[in-house]
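Reader: Hi, could you walk me through this structure while I look at it? I am in my first year, so please take it slowly.

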Amino acid sequence: MEINPKILEVADIYQRKYGTSDYFKKLQIAQMVHESANGESALAVEDNNFGGLTGYHKGAGQQPEEDGSATYGHFDSLDEYATYLDRKSTRLNSSHRSL
């Protein structure tokens, strides 16, 4: 199976920006391939969202609904997705860069 070039580009952007290891990069690629049907899901194609990310911050994603439920994020670029991915990852596991 050939990995979607956009997924590889997101992983490259993330690694350059945040200095992650090659091992972490491989895990990140595998997760994006799995969660986005190798970049072919509607969310990946239409919204540059390769991991089903929800939530909101200025400049990326959509605002949560009034009832507090989150909507899937829309990202204008792969760089914007990688930046938001780091914000989500950092909150979940502050030691992810050492993997």
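Author: Gladly, and please keep in mind from the start that this is a predicted model. A good place to begin is with the aromatic rings, where the count comes to 5 aromatic pairs.

Reader: Okay, how are the rings of Phe50 and Tyr81 arranged?

Author: Phe50 and Tyr81 form an edge-to-face pair, with 5.7 Å from centre to centre and 75° between the planes. The pair links distant parts of the chain, since Phe50 sits in the loop between α3 (42–47) and β1 (56–57), while Tyr81 belongs to helix α4, 31 residues apart.

Reader: Why do you give both a distance and an angle?

Author: A pair of aromatic rings is described by the distance of the centres together with the angle of the planes, so both values are needed.

Reader: And are those two, Phe50 and Tyr81, buried or exposed?

Author: Phe50 has a relative accessibility of 1% and therefore counts as buried. Tyr81 is buried as well, because its relative accessible area is 1%, and buried here means under 20%.

Reader: Which ring pair does Phe75 form with Tyr81, stacked or edge-to-face?

Author: Phe75 and Tyr81 are edge-to-face, at 5.3 Å centre to centre and with 80° between the planes. Phe75 is itself buried, with a relative accessible area of 0%. Ring pairs join Phe50, Phe75, Tyr81 and Tyr84 into a cluster.

Reader: Now the nonpolar core, how many residues does the largest one have?

Author: The largest nonpolar core has 19 residues, and those with the most contacts inside it are Ile7, Val10, Tyr14, Met32, Phe50 and Tyr81. Helices α1 (5–18), α2 (22–35) and α4 (78–92) each supply at least two residues of this core, and the largest share, 6 residues, comes from α1. As a general background, nonpolar side chains in soluble globular proteins tend to be buried together.

Reader: Phe50 came up again, so what is it in contact with further along the chain?

Author: If we leave aside its neighbours within four places in sequence, Phe50 is in contact with Lys6, Ile7, Val10, Met32, Glu35, Ser36, Gly39, Ala44, Leu78 and Tyr81.

Reader: Switching to charges, what is the nearest side chain of opposite charge to Asp47?

Author: That is Lys6, which is 11 Å away, and Asp47 is buried yet has no salt bridge. Asp47 is found in helix α3, and beyond its neighbours within four places in sequence it is in contact with Ala42, Gly73, His74 and Phe75.

Reader: Where is Gly52, and how far from Tyr72 in space?

Author: Gly52 is in the loop between α3 and β1. Its C-alpha is 6.3 Å from that of Tyr72, although the two residues are 20 apart in sequence. Apart from neighbours within four places in sequence, Gly52 is in contact with Glu35, Leu43 and Tyr72, and Gly52 is partly exposed, with a relative accessible area of 28%.

Reader: One last thing, what is the phi of Ala37, and of Asn38?

Author: Ala37 has a phi near 55°, a positive value in a residue other than glycine, and Asn38 likewise has a positive phi of about 55° although it is not a glycine. Most residues other than glycine have a negative phi. Ala37 lies in the loop between α2 and α3, as does Asn38, but Ala37 is partly exposed at 46% relative accessible area, whereas Asn38 is buried at 10%.

Definitions and conventions: Residues numbered from 1 in each chain as written. Predicted model: local features only at pLDDT ≥ 70, side-chain atom pairs only at ≥ 80, totals over all residues. Heavy atoms only, no water. Core = buried A, V, L, I, M, F, W, Y, C linked by side-chain atoms within 4.5 Å. Buried < 20%, exposed > 50% of the residue type's maximum accessible area, 1.4 Å probe, protein only. Helix = DSSP H or I, 4+ residues; strand = E, 2+ residues; numbered from the N terminus. Contact = heavy atoms within 4.5 Å. Phe/Tyr/Trp six-rings, centres within 6.5 Å; stacked < 30°, edge-to-face > 60°. Lys, Arg positive; Asp, Glu negative; His and termini not counted. Salt bridge = Lys/Arg side-chain N within 4 Å of Asp/Glu carboxyl O.
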